[in-house]
Every structure is written in C-alpha cells, then in structure tokens.
Amino acid sequence: MNASVIQRFKAFLIDYLLIAGYLLSLMVLTVFIFPSLQSFFQGSLVIAQFTGFLMVTLPVTIYFAAFDSLGKGQTFGKRKMKIRVVTLDGQKPDLLRSAIRNLLKFVPWELSHFLVYRLMVLGNDPVPVFYMVAGGFVYVLMFVYLTTAIFSNRKQTLYDWVVKTQVVKSSS
C-alpha cells in the first residue's frame with residue numbers, strides 16, 4: 001500500500017530535525033571554530049553558491065540517497081513513519097536511482113538558494129525578470145510535486161514518476 005502525503009511529510013519533518021542539527025553544527029563550525037570559511041560566502045556569487053551547495057545541499061542529498069538505497073532502505077524519518085522508497089516492482093532502489101530521485105527532489109531547494117544569494121546583493125535595485133520567473137518556477141515545481149503525490153494512482157511525485165519509484169508502507 002502506498003504511503004500518504006501526510007506520512008511522507010511527517011517522515012520528512014523528522015529527517016529535517018537531523019538536517020537542522022547538521023545545519024546548526026555547520027553554523028557553529030563556520031562562526032566559532034573555522035571563521036575563515038565565511039570568506040567563501042562573501043566574495044563571488046558563483047563561489048558562494050558552489051560552497052553552499054557543497055556544504056548543505058550535497059550532504060543532505062547524499063543522506064537521503066544513501067539511506068533510501070542502502071541498509072534497510074529508509075531514512076530515519078521514513079523508518080519512524082514505517083514507510084520506504086521502492087522501485088515499481090517493490091525492490092529497494094539502487095544508489096544511482098536514489099541519487100537522481102533526490103537530486104530532482106531538491107531542485108526547488110537549490111534554486112531557492114540560488115535566488116537568495118542573488119537577491120541579497122541587489123539592495124534597492126529592481127528584481128530582474130529572470131529572478132521572478134525562477135522564483136515562480138520554484139513554486140510551480142513544488143505545487144506539481146505535491147499535486148502529483150496527492151492525485152496519482154501510486155501517490156508518486158513527479159520525481160518518483162521520472163525514476164520509477166514509489167513510497168510505500170513498510171512492515172518494519
């Protein structure tokens with residue numbers, strides 16, 4: 001039986017507590033222990049974006065991809081909610097499929113980071129149309145992810161459909 005959107009959301013919230021702990025640790029590291037790392041965020045927008053990706057988005061994506069495909073095939077949140085990601089034939093996804101799934105899942109998150117970095121340097125300048133379109137795309141993509149999870153037969157999000165996975169209730 002497929003997991004509901006509510007179960008998936010609760011699992012993500014539980015996982016997000018771990019992510020928040022990681023982000024807090026990262027903040028402590030960059031503010032108190034290695035303050036020189038802050039210089040990566042104060043220069044070039046490209047370097048700031050890339051550093052943010054390496055320090056935040058990539059580790060979070062790796063967490064989800066690895067735990068969904070290795071071991072019991074569940075992140076901590078999914079295990080607590082008794083759900084798991086499987087292929088359409090009920091198997092645990094391999095690491096590549098899981099990585100692609102999670103890269104697609106976090107496109108809105110990374111695009112939001114992209115916009116925040118650029119909007120911070122605008123000051124009082126007008127917001128370029130491209131930024132508005134990209135911001136709108138974030139909301140459209142999130143809406144599509146949510147509506148496909150609610151209304152598709154297997155409760156698949158768009159990224160699940162693309163990589164041929166689904167989230168199901170698990171017995172353990």
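## A guided tour, starting at Ile-19

Select Ile-19 to begin: its relative accessibility is 5%, so this residue counts as buried. What you have open is a predicted model, and Ile-19 sits within helix α1 of that model. Now show the surroundings of Ile-19. Setting aside neighbours up to four places away in sequence, you will find Ile-19 in contact with Val-60 and Phe-64.

**Zoom out to the whole chain**

Colour by secondary structure next. The protein chain has seven helices and two strands. Following the elements from the N terminus, you pass α-α-α-β-α-α-α-α-β. Along the principal axes, the C-alpha atoms occupy a box of roughly 50 × 40 × 25 Å.

Switch the colouring to confidence. The chain has a mean pLDDT of 94, with 99% of its residues at 70 or more. Where does confidence fall lowest, and where does it rise highest? Select α5 for the lowest, with a mean of 91, and helix α7, residues 158-163, for the highest, at 98. Keep α5 in mind, as this tour returns there.

If you colour by burial instead, 35% of the 172 residues count as buried. A contact map would add another view: among contacts with a separation of 6 or more, 67% join residues 24 or more positions apart.

**From Ile-19 to an exposed loop**

Go back to Ile-19 and draw a C-alpha to C-alpha distance to Ser-36. The two residues are 17 positions apart in sequence and 23 Å apart in space. Ser-36 belongs to the loop between α1 and α2. Is Ser-36 buried or exposed? With 54% relative accessibility, Ser-36 counts as exposed, because the cut-off for that class is over 50%. The buried class lies under 20%, which is why Ile-19, at 5%, falls into it.

While Ser-36 is selected, draw a second distance, this time to Lys-169. Here the C-alpha atoms are 45 Å apart, across 133 residues of sequence.

**The largest pocket**

Turn on a surface and look for the largest pocket, which holds about 750 Å³ of space. Its lining comprises 24 residues; select Phe-9, Phe-12, Lys-105, Tyr-145 and Tyr-159 to see those closest to the pocket centre. Which elements give two or more residues to this lining? They are α1 (5-33), α4 (95-105), α5 (107-122) and α6 (129-151). Helix α1 gives the most, with seven residues. Colour the lining by residue class and you will count 17 nonpolar, two polar and five charged residues.

**The second largest pocket**

Now move to the second largest pocket, with about 260 Å³ of space. To display its lining, select Leu-23, Leu-26, Met-27, Thr-30, Phe-41, Gly-52, Met-55, Val-56, His-113, Val-116, Tyr-117 and Met-120. The elements that supply two or more of these lining residues are α1, α2 (45-69) and α5. By class, the lining has nine nonpolar residues, three polar and no charged.

**A nonpolar core between α5 and α6**

Hide the surface and return to α5. Six residues make up the largest nonpolar core: Leu-111, Leu-115, Leu-122, Tyr-131, Ala-134 and Val-138. At least two residues of this core come from each of α5 and α6. Centre the view on Ala-134 and show what surrounds this residue. Which residues does Ala-134 touch, leaving out those up to four places away in sequence? Leu-111 and Leu-115 are the residues to select.

**Two lysines with positive phi**

For the last stops, keep the backbone in view. Select Lys-82, in the loop between α3 (76-81) and β1 (83-87). This residue is not a glycine, yet its phi is positive, at about 60°. Its relative accessibility is 46%, so Lys-82 counts as partly exposed.

Then jump to Lys-164, found in the loop between α7 and β2 (165-169). Lys-164 also has a positive phi, near 60°, in a residue other than glycine. Its relative accessible area is 47%, so Lys-164 is partly exposed. Both lysines fit that class because it spans the values between the 20% and 50% cut-offs.

Methods:
Residues are numbered from 1 along each chain as its sequence is written. This is a predicted model: local features need pLDDT of at least 70, side-chain atom pairs count only at pLDDT 80 or more; totals for chains, interfaces and linings use all residues. Side-chain values use heavy atoms; hydrogens and water are left out. On a 1 Å grid over the protein atoms alone, a cavity is a set of points where a 1.4 Å probe fits but cannot get out, and a pocket is an open set with protein on both sides within 12 Å along at least five of seven lines; lining residues have an atom within 4 Å of a point. Grid points are joined across faces, edges and corners, and a volume is the space filled by probe spheres set on the points. Helices (H or I, at least four residues) and strands (E, at least two) are DSSP runs, numbered from the N terminus. Ala, Val, Leu, Ile, Met, Phe, Trp, Tyr, Cys and Pro count as nonpolar, Asp, Glu, Lys and Arg as charged, and the others, Gly among them, as polar. A nonpolar core is a set of buried Ala, Val, Leu, Ile, Met, Phe, Trp, Tyr and Cys residues joined through side-chain atoms within 4.5 Å. Buried means under 20% relative accessible area, exposed over 50%, partly exposed in between (1.4 Å probe, protein chains only). Contact means heavy atoms within 4.5 Å. pLDDT is the predictor's confidence in each residue, from 0 to 100.
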